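Here is a quick tour for someone meeting this structure for the first time. Have a look around, then read on.

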Amino acid sequence: MKLYKHLVFDTSNIFLRAFNGITIKDEAPKLAANMVKKIIRENAGPKCSFYFLCDNWNSNPSTNFVTARKSIDNQYKANRTYDPKVFHGISVFKNWLKTIPNSCIIQEPQREADDLLLGVMAKTGNDFVLLVSADLDWACEMSRERHWFNFDQIFTPSDFEAKYKYPATRNSILLHKTFRGDKSDNIPNPNTRIKEEDLLQLILSGKTLPEIIQDPPSSLREAIVSHKDRLLKNWELLNPLF
């Protein structure tokens with residue numbers, strides 16, 4: 001088993017996984033803490049550092065994590081409702097996280113955990129890193145040294161490509177989600193009716209969405225051009241905010 005120099009956690013993702021998986025909601029912080037302890041025990045190497053990236057749950061619209069993307073699409077995450085116990089529970093969980101040695105909690109106004117990931121990766125260099133989140137967006141940061149754990153499997157880039165049939169790169173992952181949507185965040189499927197094999201060929205071309213729209217393959221031109229506005233909006237929603 002590989003041991004890592006840095007473990008980077010999607011804090012809300014872990015807590016909500018615990019909260020939704022337990023009947024007694026007041027026990028969710030304890031369950032989430034046990035999940036973190038197990039991941040650390042099984043994957044942390046000597047002198048490992050721990051980063052806990054947090055969505056900004058502040059109710060103030062000027063700082064809340066959905067505000068910036070709602071300016072792009074006011075239906076962003078509109079399908080989500082939260083039990084009031086979530087807000088108390090995640091606060092309790094974050095207070096417990098502060099007790100973990102060699103750790104830091106990172107949260108910024110109007111930012112989701114995904115938006116904070118690039119900044120953390122800049123600090124880890126070529127060290128071995130485990131990215132812990134069920135969110136496919138976190139797989140965008142995979143490399144030879146960085147692996148992704150979705151709570152079921154630890155993926156290397158080659159593992160990812162074997163399962164998903166396209167490369168583990170930011171452009172590839174976000175292109176696929178742009179064309180297929182993301183129900184969890186209420187990002188709609190543009191319904192281009194492009195077949196999966198044709199979408200994979202677009203992804204393997206290595207072009208970004210703006211490049212594809214500028215010069216689409218002739219066989220897909222009508223499908224892409226007629227859904228251009230929704231595709232561009234999805235692309236903007238899915239890319240990190242800086």
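## Contacts along the chain

Among contacts in the protein chain between residues at least 6 apart in sequence, what share joins residues at least 24 apart? The answer is 65%. Keep in mind while browsing that this is a predicted model.

## Overall build

Going through the protein chain, you'll find 11 helices and six strands. Measured out along the principal axes, the box filled by the C-alpha atoms is roughly 55 × 40 × 30 Å.

Is that what you'd expect from a compact globule? For 242 residues, the radius of gyration of such a globule would be near 18 Å, and the 19 Å of the protein chain agrees with that.

## Inside and outside

Of the 242 residues in the protein chain, 50% are buried. As for the outside, the accessible surface adds up to about 12,100 Å², and carbon and sulfur atoms account for 51% of that.

Charges are part of the picture too. The protein chain carries 33 positive and 29 negative charges, and the mean positions of these two groups lie 4 Å apart.

## The cysteines

How many disulfides does a search of the whole structure find? Zero. As a reminder, a disulfide is a covalent bond between the sulfur atoms of two cysteines.

Take Cys48 to begin with: the closest cysteine sulfur is in Cys104, and at 12 Å it is too far away for a bond. Cys48 also counts as buried, because its relative accessibility is 6%, under the 20% cut-off. For Cys54, the closest cysteine sulfur is again in Cys104, and the 9.8 Å between the two sulfurs is too far for a bond. Cys54 is buried as well, with a relative accessible area of 1%.

## A stop at Pro157

Where does Pro157 sit? It belongs to helix 6, which covers residues 157-164. Is Pro157 buried, partly exposed or exposed? With a relative accessible area of 25%, Pro157 is partly exposed.

Leaving out residues up to four places away in sequence, Pro157 touches Met142, Ser143, Arg144, His147 and Ala168. You can also compare sequence and space using Ala122: Pro157 and Ala122 are 35 residues apart in sequence, and their C-alpha atoms are 19 Å apart in space.

Conventions: Residues numbered from 1 in each chain as written. Predicted model: local features only at pLDDT ≥ 70, side-chain atom pairs only at ≥ 80, totals over all residues. Heavy atoms only, no water. Disulfide = S-S within 2.5 Å. Buried < 20%, exposed > 50% of the residue type's maximum accessible area, 1.4 Å probe, protein only. Helix = DSSP H or I, 4+ residues; strand = E, 2+ residues; numbered from the N terminus. Rg over C-alpha atoms; globule rule 2.2 N^0.38 Å. Contact = heavy atoms within 4.5 Å. Areas by Shrake-Rupley, 256 points an atom, 1.4 Å probe, with all protein chains shown as cover. Lys, Arg positive; Asp, Glu negative; His and termini not counted. Charge placed at Lys NZ, Arg CZ, Asp CG, Glu CD.
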